[in-house]
Amino acid sequence: RPLWHPTAAAPDTSADVVTIFMVTIVSRHCELVASASAQRPSLPALLLFLLLALQPSWHVAAQPTGVVTSNSTQSVLYGVPVKSSYLEPVNCTLEFDREVVGFNASAFVITPPDAQILNFEQLAPSIYTFQLAAKVNANISVHLPPNAVRDTSRVGNNVTTARFTVEYFAYPPAVSLRLYGFSGNRTNQAKNQAYLNFNSTTKLNGSTLFDGSMVSISPALAISNFEQVNDKMYRFNFEIKFTNASSANPDNVQCLSPSAKLPTKNSTMFRCSKCPHSQRCTLPTTYPTLALDHQEFPFALVVHGIPALGMNETKFEVFFDTLWAAVALEAPAYAQGPFFITVVWSEPMEDLTAIMPVFDPSGPAVDQDLLQYNLTVLSPTSFRMLISPVETGILIISINGSKQSIDLAGNANDFRANTLSRTGASKVVVYSGGPPLQGSVGFQYKSPAVPYSSQPILGPM
């Protein structure tokens, strides 16, 4: 007959339930056999019943299980489960449902491989604490695989237990700026849409820590329609403000060196078509003026820091730019072997190498293979090339802007459409491919005839 009935108290462990279930089946089998034969159960059936009921090795013992929890990082107590951490280890507690023996941190499987378990300690036979950290941004995951832990009865876990995952950020988020319709921070339009892109989330434990109040533009421009695209991207609109002040008349422009002191505290220094690119236009104005057709007026866009994420303030230069770029060329005056030349533009270009230097055919030829494979971009405004003439001679190097040389605001050096946009530079390099060769010098002189005389001219005695 069954040893356990639904109306009786439930067994203490799942092992008891399994044993009773097996015994009940065998007992019921014996009753059916006896009923069918109208006799007592056979001896083999009784022996099988006793073997199942009394053999301990047939019991399925409960396995140890563990749970990892965390509600704090190294310096912050959140009081709720930690989902992410910036720059500091995550405090974790592992608690088993019973006492375990011989357990240590090496029993964990941890990903990614460079993640670490730090400060592992045992607080009690069933309770342990440790910290999780990583050297790069990653989702850190830990778990105990089968047979990683055993209780005091030497019973091990036969399934994975103690799973835990946390999003870890090893460095603060960085932000970049892009203006819609342009490939950089320059615009030739009054109305603009800007995108801020972070390289990691701006959330911490589910809460977004960034909003429109943390962005400003100087000189002051209004920011509107600020919205979050996703946890790493935001966008907003702004409009360039122009001045109509009489003091901002183009006739008042002063051309000064970039390092010169401003004439007044209300003056602004910027590039414009009234002055050479090597100098700056100066006007007593805070905002650009529409009276200037071509200018490169600066603004400062500030993204304020997020202390909780370890992020500091970030500043971007933004330009209202209707002025084309200018090019310069650097090269030595003399060379006795391969030499470098450097092309420098006055501002970042859409395609920095769209325009290449050319070499006057009257001079020595240049090794084209060496030229092709020795071009190095130094910055968004400059690149360097290695030049190797094949023979001695005078090399004339030139570079000229064209409609293919376009800055990030879309202004091209299309001098056919606007003669003012023409730009170019050239250098003369005297090149010697080796030591001087032995030669000879000849000299001839023919005395001129003295007119109207066939007699020698005598000097004073």
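## Disulfides, salt bridges and the largest pocket

At 7% relative accessibility, Cys275 counts as buried, in a model that is predicted. Its disulfide partner is Cys255, and the two sulfur atoms lie 1.9 Å apart. Cys255, by contrast, is partly exposed, with a relative accessible area of 33%. The link between Cys255 and Cys275 is left-handed, with -85° about the S-S bond. Because Cys255 lies in strand S19 (residues 254-256) and Cys275 in the loop between S20 and strand S21 (280-283), the pair ties together parts that are 20 residues apart in sequence.

A search of the whole structure finds 2 disulfides, and the other joins Cys272 to Cys281, with an S to S distance of 1.8 Å. The link of Cys272 and Cys281 is also left-handed, at -85° about the S-S bond, and both of these cysteines are buried. When the bonded cysteines are counted along the chain, the disulfides of the protein follow the pattern 1-3, 2-4. Cys92 is likewise a buried cysteine, with a relative accessible area of 2%.

### Salt bridges

The count of salt bridges comes to 7, and three of the pairs are set out here.

| Acidic residue | Basic residue | Closest N to O distance |
|---|---|---|
| Asp97 | Arg98 | 3.3 Å |
| Asp151 | Arg98 | 3.0 Å |
| Glu227 | Arg235 | 2.7 Å |

Arg98 takes part in a salt bridge with Asp97 and in another with Asp151. The pair of Asp151 and Arg98 links distant parts of the chain, 53 residues apart, with Asp151 in strand S9 (residues 150-151) and Arg98 in the loop between strand S3 (90-96) and strand S4 (100-101). The surroundings of these three residues can be described by their accessibility: Asp151 is buried, with a relative accessible area of 5%, whereas Asp97 is partly exposed at 46% and Arg98 is partly exposed at 25%.

In the pair of Glu227 and Arg235, whose side chains meet in a salt bridge, Glu227 is partly exposed with a relative accessible area of 36%, and Arg235 is partly exposed with a relative accessible area of 27%. Elsewhere, Arg186, Arg271, Glu296, Asp321 and Glu347 are joined into one network by salt bridges that share partners.

### The largest pocket

About 290 Å³ of space lies in the largest pocket. Its lining is made up of 19 residues, of which Thr268, Met269, Phe270, Pro298 and Phe319 are the closest to the centre. At least two residues of the lining are supplied by each of strand S20 (268-272), strand S22 (295-303) and strand S23 (314-321), and the largest share, 4 residues, comes from S20. In character the lining is mixed, since its residues divide into 7 nonpolar, 6 polar and 6 charged under a scheme in which Gly counts as polar.

### The setting of Ser141

Ser141 lies in strand S8 (residues 138-144) and, at 22% relative accessibility, counts as partly exposed, the cut-off for a buried residue being under 20%. Leaving aside residues up to four places away in sequence, Ser141 touches Val109, Ile110, Thr111, Phe164 and Thr165. Between the C-alpha atoms of Ser141 and Phe108, which are 33 residues apart along the chain, the separation is 9.8 Å.

Notes. Residues are numbered from 1 along each chain as its sequence is written. This is a predicted model: local features need pLDDT of at least 70, side-chain atom pairs count only at pLDDT 80 or more; totals for chains, interfaces and linings use all residues. Side-chain values use heavy atoms; hydrogens and water are left out. On a 1 Å grid over the protein atoms alone, a cavity is a set of points where a 1.4 Å probe fits but cannot get out, and a pocket is an open set with protein on both sides within 12 Å along at least five of seven lines; lining residues have an atom within 4 Å of a point. Grid points are joined across faces, edges and corners, and a volume is the space filled by probe spheres set on the points. A disulfide is a pair of cysteine sulfur atoms within 2.5 Å. Buried means under 20% relative accessible area, exposed over 50%, partly exposed in between (1.4 Å probe, protein chains only). Contact means heavy atoms within 4.5 Å. A salt bridge is a side-chain nitrogen of Lys or Arg within 4 Å of a carboxyl oxygen of Asp or Glu.
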